[in-house]
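I opened my notebook with a plain aim: to look things up one at a time and write down what I found. Here are my entries, in the order I made them.

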Amino acid sequence: MTAIQLPGVEVITTSGVDVLSSSLVETEGLTACNHEEADTRVFIHVKHASARDLKKVLIRTVDTDVVVLAIAYARKLELQELWIAFGVGNHFRYLPIHKITTSLIQQQCEALLFFHAVTGCDTVSYFAGKVKRSASQAWK
């Protein structure tokens, strides 16, 4: 493990089987991670932070898949706040995932994974001949 000095900030990242950290931390659960996609691997880190009693987490991404995963799993993590720093340039936003999930029931949060896969992912532009807006209205 290599230590990186950042005052007041803790950063933990994986690179292959290596774990890099801004402080000495227990890395159990991170080193055995076999998630090839960063979309899901980031939530191994969030779970690790939650297990260490950290209550506020910020994820930086430009990928809508990460936002959808965050909404789907936020309630299963023991966090007070889960934020997504999303987008670039004029489209950059901080998304309060913890607040978004309070406006949805658990079944909606979990169903969002399926809904996104068939309507909003990078390769599918519509749902069974319906435009996204119609599919969204049908889902509600």
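**Entry 1: helix α2**

I began with α2 in this predicted model, and I found the helix mostly covered, with 8 of its 10 residues buried. I listed the buried ones as Asp65, Val66, Val67, Val68, Leu69, Ala70, Ile71 and Ala72.

Next I asked myself which elements the buried residues of α2 pack against. I noted α1, β3, β4, β5 (93–96), α3 (97–102) and α4.

I also checked the start of α2, where a side-chain oxygen of Asp63 comes to within 2.8 Å of the backbone nitrogen of Asp65.

**Entry 2: the whole chain**

I stepped back to see the overall plan. I counted 5 helices and 5 strands in the secondary structure, and from the N terminus on I read their order as β-β-α-β-α-β-β-α-α-α.

I then looked up burial for the protein: 32% of its 140 residues count as buried. I looked at contacts too, taking those with a separation of 6 or more, and 47% of them join residues 24 or more positions apart.

**Entry 3: the nonpolar core**

I had read that in soluble globular proteins nonpolar side chains tend to be buried together, and I went looking for such a group here. The largest nonpolar core has 22 residues, and I wrote down Ile59, Leu82, Ile84 and Ile97 as those with the most contacts inside it. Two or more residues come from each of α1, β3, α2 (64–73), β4 (81–86) and α4 (106–119). I was pleased to meet my helix from Entry 1 again, as α2 gives the most to this core, with 6 residues.

I picked Ile59 for a closer look. Leaving out neighbours within four places in sequence, I found Ile59 in contact with Val42, Phe43, Val46, Val66, Leu82, Trp83, Ile84 and Ala85.

**Entry 4: two residues of strand β3**

I looked up Thr61, which is found in strand β3. Is Thr61 buried or exposed? With a relative accessible area of 11%, Thr61 counts as buried, because the cut-off for buried is under 20%. I saw the side chain of Thr61 reach the backbone nitrogen of Asp63 at 3.0 Å, and Asp63 is the residue I had noted at the start of α2. Beyond neighbours within four places in sequence, Thr61 is in contact with Val66, Ile84, Ala85, Phe86 and Gly87.

I went on to Val57, also placed in strand β3. Val57 is buried at a relative accessible area of 12%. I checked Val57 against Val46: they are 11 residues apart in sequence, and their C-alpha atoms are 7.1 Å apart in space. Not counting residues up to four places away, Val57 touches Val46, Ala49, Leu79, Glu81, Leu82 and Trp83.

**Entry 5: the largest pocket**

I looked up the largest pocket and noted a volume of about 430 Å³. Of the 16 residues that line the pocket, I wrote down Glu10, Ile12, Ala49, Val57 and Leu58 as the closest to its centre. I recognised Val57 from the entry before, where I had placed this residue in strand β3.

I sorted the lining by kind and got 11 nonpolar, 2 polar and 3 charged residues. Both α1 (38–51) and β3 (56–61) supply at least two residues of this lining.

**Entry 6: His48**

I moved to helix α1, where His48 has its place. His48 is buried, with a relative accessible area of 9%. Setting aside neighbours within four places in sequence, I found His48 in contact with Ile12, Glu26, Thr27, Glu28 and Leu30.

**Entry 7: two loop residues**

I finished in the loops. Asp53 lies in the loop between α1 and β3, and at 57% relative accessibility Asp53 counts as exposed. Most residues other than glycine have a negative phi. I made a note that phi of Asp53 is near 65 degrees, a positive value.

Where did I find Val88? I found Val88 in the loop between β4 and β5, exposed at 52% relative accessibility. From Val88 to Thr61 I counted 27 residues in sequence and read 9.1 Å in space, C-alpha to C-alpha. Apart from neighbours within four places in sequence, Val88 is in contact with Arg60 and Val62.

Definitions and conventions:
Residues are numbered from 1 along each chain as its sequence is written. This is a predicted model: local features need pLDDT of at least 70, side-chain atom pairs count only at pLDDT 80 or more; totals for chains, interfaces and linings use all residues. Side-chain values use heavy atoms; hydrogens and water are left out. On a 1 Å grid over the protein atoms alone, a cavity is a set of points where a 1.4 Å probe fits but cannot get out, and a pocket is an open set with protein on both sides within 12 Å along at least five of seven lines; lining residues have an atom within 4 Å of a point. Grid points are joined across faces, edges and corners, and a volume is the space filled by probe spheres set on the points. Helices (H or I, at least four residues) and strands (E, at least two) are DSSP runs, numbered from the N terminus. Ala, Val, Leu, Ile, Met, Phe, Trp, Tyr, Cys and Pro count as nonpolar, Asp, Glu, Lys and Arg as charged, and the others, Gly among them, as polar. A nonpolar core is a set of buried Ala, Val, Leu, Ile, Met, Phe, Trp, Tyr and Cys residues joined through side-chain atoms within 4.5 Å. Buried means under 20% relative accessible area, exposed over 50%, partly exposed in between (1.4 Å probe, protein chains only). Contact means heavy atoms within 4.5 Å. A polar contact is a pair of N or O atoms within 3.5 Å; within protein, one must be able to donate a hydrogen and the other to accept it, and residues adjacent in sequence count only if both atoms are side-chain atoms.
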